[in-house]
2 protein chains.
Amino acid sequence: MAEKTAEFTVTFLPSGRRLEVEEGESLIFAARQAGIHINASCGGSGVCGKCRVVVEEGEVSGGLPQGLEEVATGGVRQACTALLSGDVTVRIPEESMVRKGGLTSEIPVRNRAAIHYYDIEDVREAGLYWPPVEKFYLELEPPAAADNISDGARIVRHLREHYDVHRVVISLPVMRKIRRVLREGAFKVTVTIAKTIREGGKNYVLNIQAGNWLQRNFALAVDLGTTTVYGVLLDLYTGKVLSRSAEYNQQISYGEDVISRIIQAEKPKGLELMQELAVSSINKVIDDLLRKSDAEPDELTSLTLAGNTIMTHLLLELEPHNIRRSPYVPVNTFFPPIRARDLKLDMPDHAVVMLYPAISSYVGGDIVAGVMGSGMYLTDKLSLFIDIGTNGEIVIGNREWLVCSACSAGPAFEGGGISHGMRAAVGAIRDFSIHPVTCEPMIITIGNKPPLGICGSGLLIIVAALFESGVVDHRGKFDRSLGCPRFREGRDGYEYVLVWDSESGTGSDIFLTEVDIENFLRAKAAIFAGVKTLLEEVGLTVNDLEQVILAGTFGSFLDLDSAMTVGLLPEVEPEKVLYVGNGSLMGCWMSGVSNHIRRHVVEVVRRITNFELSEVAGFKDQYVASMFLPHTDLSLFPAAAERLQPVSGRPEE
Amino acid sequence: MAEKTAEFTVTFLPSGRRLEVEEGESLIFAARQAGIHINASCGGSGVCGKCRVVVEEGEVSGGLPQGLEEVATGGVRQACTALLSGDVTVRIPEESMVRKGGLTSEIPVRNRAAIHYYDIEDVREAGLYWPPVEKFYLELEPPAAADNISDGARIVRHLREHYDVHRVVISLPVMRKIRRVLREGAFKVTVTIAKTIREGGKNYVLNIQAGNWLQRNFALAVDLGTTTVYGVLLDLYTGKVLSRSAEYNQQISYGEDVISRIIQAEKPKGLELMQELAVSSINKVIDDLLRKSDAEPDELTSLTLAGNTIMTHLLLELEPHNIRRSPYVPVNTFFPPIRARDLKLDMPDHAVVMLYPAISSYVGGDIVAGVMGSGMYLTDKLSLFIDIGTNGEIVIGNREWLVCSACSAGPAFEGGGISHGMRAAVGAIRDFSIHPVTCEPMIITIGNKPPLGICGSGLLIIVAALFESGVVDHRGKFDRSLGCPRFREGRDGYEYVLVWDSESGTGSDIFLTEVDIENFLRAKAAIFAGVKTLLEEVGLTVNDLEQVILAGTFGSFLDLDSAMTVGLLPEVEPEKVLYVGNGSLMGCWMSGVSNHIRRHVVEVVRRITNFELSEVAGFKDQYVASMFLPHTDLSLFPAAAERLQPVSGRPEE
């Protein structure tokens, strides 16, 4: 763990608002945290010079306005480049802060979901630690004239009598070396066994080694994402994580979304290519994980992997063609354990690859793994599990029952279909507020670089802020009565200029159009309508939800207030929202160390009822009703409705 | 089936003995069948001219004595080259037949064991027909929006609902083509399934084909012998045998016996070589079987194979090293089903190879298959199953219990360790009698060619005849008082010349020495002592035996009277002796068409108790007691004792 960074007290004047912020953070970040708007349109890169504040007490590091270095007296600083080095009191000047007509420069504080950490000790304490691949050290009696059973039978007998392991099958490659290894080890050997999860199932001997190698048993957990492959290396002897790694999915050069990968796979030799790229991406992760540990490649005994249905198909070289064609049929959703050699993974031939089962074409193994990783399947609370991306996957239920569905949200949450949309990378606008009178923006980018575009979580915040400030109405249309120069008629209709060309990293204006907002509305409507429809199918309403579990990258950046303001997420208390991070990887990790959990997976998959929303009467009506901010039915969003009251009343003032 | 050959009546004078013999057989063969001795030392090749007889009535084809062609009147013929073409009356002249001192030229009639034929209808009638690999034709509902489960799940559901097949696993190679094949066949497909024999076990989908291929499901049964590979091609749809084939085991060029194969396998790359030769021998059989039928290679779905433990090890490339070293430990005796691709057999990659389990290093899968093929495990009768070769394998028991053991008989029964021993090939002496006064032999060879040596079954008959005629005593020593010129002191002690150099096919004398007889005694003593010891271990005696089952090539040529006269087999009524032919192949055939029988195999193997004779107190005493003709304890051979009475009294006359 990194050492805890020092925290300093920042006091903002004239409001007097005070908060603790970590050393090294910028003043603009501190203001944003405090819910204070400061004009800033260069993303925090120090270029636009709009975010000047006055440091009245204490010192900051940097932040001297450009061209003003020598005359910078009176503590004038650029909030974006002034970094905390002690307690400070900062005054927001009039030009950056306006109090007029009951409106303040106060903006909502960001609420991120609490992060749900996973601990191996939970599994141990629950008595669930039971690796799918176990090593056993056997000190065998050497053969004698009165006891000359075969080498194989000697091992099988010992396992039965000393370890209560039954129905042992010795595979051919192990049989081929058993004689030599037994004698090399003077009949003291370590056998590696893939344990069945079925009552009466078979236990397969994967390997035999001379001597005692109990402590050298390493497993991998891998989340094969469309964009990124995440992996952890587990020590099955101690249960500890030895290393973590992530690499891009090399398929990405053939398209960012799953559909373009399917199209690629349909070309001649395309499927083989996609398979090779998936494997080579995983192999890079494996290589990195091993480099960061003292484990050797030939000590890897298993890999537990989850991915969406398309990624799983491509990894296994299964034809994904019908996944993208109505009625959206995958080749298979259950996958037997596979030997590493059959996939050409950089692991010993005998190592076992266990794949998370999928539910349907668009509710994949990653979601099942997420349900496992989040513990949702064990709770009494009525829970909503949601992974938002191009496809939003929704699971609702508790320990008794589970229903799921996929909604095609479109690429808006990943920056697609938005005029200046982009992935969450350096230069992407990640935070935003708008001055309620001047309509000047406060823009913070990832990496504090000049803005390049808008990422999904930024888009959510922008739309929410525009709506809350009354700049955009509940239909997603701009208030055309506003006379600010940032509003204009563009090629795609009315638009709001977030960043002028002179301050952007692209050299062009960065703006948001009504068409962009409509695309955003489609995306959020698909998700919310999915949740509401699923709930209604089981006779419940959003008010019954006791827990919301966010998974996936988007979930980690999701501002909860914004999400509830726009009607993406149902309105629940922020403390009822959990973020499980990479739930898929967590699920792999859990079932990678526990056959009990592998059994649970089978039970959970059997228990989940999948709904094709297109087949559910009423989904379309729900979708249309959700195409508003936050929804046509404001009773679903009572808190938002209350908060919006003065704003919605503003035009009449 | 071949047409039945015509039979003619042959009457021998002066005895008046009469019998029916098939058209085309020789007169000397007819005489032998009738139990009449005719001097003949050239093996029936027409060279020695000693076997002259007079045809008094009727005609024969050929048989005119050499050099006498034009003056051959009065019906003088050489019995060995005179072939039956009608009813005849034949007089044996004085020179070939002597009646004196109560002795006659009458010799024992040959008794071969009754052949036990196996019929697929037996399996059907017993309700046991249930191929391990079944094809199912599925007419599936195509996917629809309201029923868009995966292709794999659709197949699994149909099998469960329409065929009561559960726990279906679709392997990766099948998954890879399932989508295409389903659509090519408009969702009418044939799936090939390897059915489990275990309650709750898994059923593996091996293949999927578009359309209905129910009637194209072919299986192989193969006996992988040390010398010969036998195979049959089975139509699993009809249960019928389509073709049969046999090829030499190509390993034979590295030694005829299993030990030399092991030694070869211990050399660098030797094991791989032995494996390749085994596979290539089987592939030759497969090729021939297919050529003789209309089945295509890709329609083969399974192969059931049995071999002795060494052959099985070499086929699977398992190190056989410790099989030949005390305490004689094989690598394994149970073998999981293997895919054909893992052995490089000329079958589809997905075809399943099922191997008969072995009991121990020297009681192999061929013996287990023989026990299955003979039906011994189903009978109430106390049965002795015996396969005699270099190693004699013995199984005793019935439906309730089974015990087994291997006895190292040495190579005598295969012609090894005998001065003029040879394999049962053309020119090998296969039948013999001796004139009780002149000590002139009657010699018949395989193929009626000039004698080259003595094969195992011939050796048995020779020793029995020499003993019965009093030429050899119960210790296996020649009566040195006989003045015949055929007896002489040789390099290895006293010997009997069977064939003079002028009449042999080798240009040298062919003789039998007392050392040869001692080697024979060791071999037969090992077998008999094994039988007796095993019986005593379970508290029984040879008199309790109700059935004797002979298996293996030697069994088919074994003269039962000779075998009981010398004390190789326990004395039972000839009608209680069955010959099951290639019991190993029969067992493969049976379990190749019936999972019920595969289940029985597992039960039988669990039920068999193996005895290492070297570990059983008393075996050595039994062995020493069996080193006599027929045995030190004559009460074990009451019939032989009675028959031998006048002979054993002869020297005193």
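Where in chain A is A:Asp164 found? In this predicted model, A:Asp164 belongs to the loop that runs between helix 3 (151-163) and strand 10 (168-170) of chain A. The backbone of A:Asp164 has a positive phi of about 55°, although the residue is not a glycine. A:Asp164 is exposed, because its relative accessible area of 59% is over the 50% that marks an exposed residue. A second residue of chain A can be described in a similar way, namely A:Lys269, which is not a glycine either and has a positive phi near 65°. A:Lys269 is placed in the loop between helix 5 (258-266) and helix 6 (270-291) of chain A, and with a relative accessible area of 63% it is likewise exposed.

Cis peptide bonds were found in both chains. In chain A, the bond that joins A:Ser326 and A:Pro327 is cis, with an omega of about 0°, and A:Pro327 is found in the loop between helix 7 and strand 17 of that chain. In chain B, the peptide bond from B:Ser326 to B:Pro327 is also cis, its omega being near 0°, and B:Pro327 lies in the loop between helix 7 (309-316) and strand 17 (338-339) of chain B. The loop between helix 7 (309-316) and strand 17 (338-339) of chain A also holds A:Thr333, a residue that is buried, with a relative accessible area of 10%. When residues up to four places away in sequence are left aside, A:Thr333 touches A:Pro357, A:Ala358, A:Ile359 and A:Ser360, and it also touches B:Ser150 of the other chain.

Charged side chains were examined next. Over all chains, the structure holds 62 salt bridges. One of them is formed by A:Arg183 with A:Asp151, whose closest N and O atoms are 2.8 Å apart. Because A:Arg183 lies in helix 4 (residues 172-184) of chain A and A:Asp151 in helix 3 of chain A, the pair ties together parts that are 32 residues apart in sequence. The two partners are covered to unlike degrees, since A:Asp151 is buried, with a relative accessible area of 0%, whereas A:Arg183 counts as partly exposed at 25%.

Salt bridges are found in chain B as well. The side chains of B:Lys269 and B:Glu272 meet in one of these, with an N to O distance of 3.9 Å; B:Lys269 counts as exposed at 65% relative accessibility, while B:Glu272 counts as partly exposed at 29%. Another salt bridge brings together the side chains of B:Glu573 and B:Lys576, here with an N to O distance of 3.2 Å. In this pair B:Glu573 is partly exposed, at 38% relative accessibility, and B:Lys576 is partly exposed too, with a relative accessible area of 32%.

In chain A, salt bridges also link A:Lys50, A:Glu440, A:Arg486 and A:Glu503 into a network. A further group of charged residues, A:Glu7, A:Glu20, A:Glu22 and A:Asp87, gathers on the surface in a patch of negative charge. Among the members of this patch, A:Glu7 has its place in strand 1 (residues 7-13) of chain A. A:Glu7 counts as partly exposed, because its relative accessibility of 39% falls between the 20% under which a residue is buried and the 50% over which a residue is exposed.

Key:
Residues numbered from 1 in each chain as written. Chains lettered and ligands numbered in written order. Predicted model: local features only at pLDDT ≥ 70, side-chain atom pairs only at ≥ 80, totals over all residues. Heavy atoms only, no water. Patch = residues over 30% accessible without salt bridge, like charges linked within 9 Å, V, L, I, M, F, W, Y side chains within 5 Å. Areas by Shrake-Rupley, 256 points an atom, 1.4 Å probe, with all protein chains shown as cover. Salt bridge = Lys/Arg side-chain N within 4 Å of Asp/Glu carboxyl O. Lys, Arg positive; Asp, Glu negative; His and termini not counted. Charge placed at Lys NZ, Arg CZ, Asp CG, Glu CD. Helix = DSSP H or I, 4+ residues; strand = E, 2+ residues; numbered from the N terminus. Buried < 20%, exposed > 50% of the residue type's maximum accessible area, 1.4 Å probe, protein only. Contact = heavy atoms within 4.5 Å.
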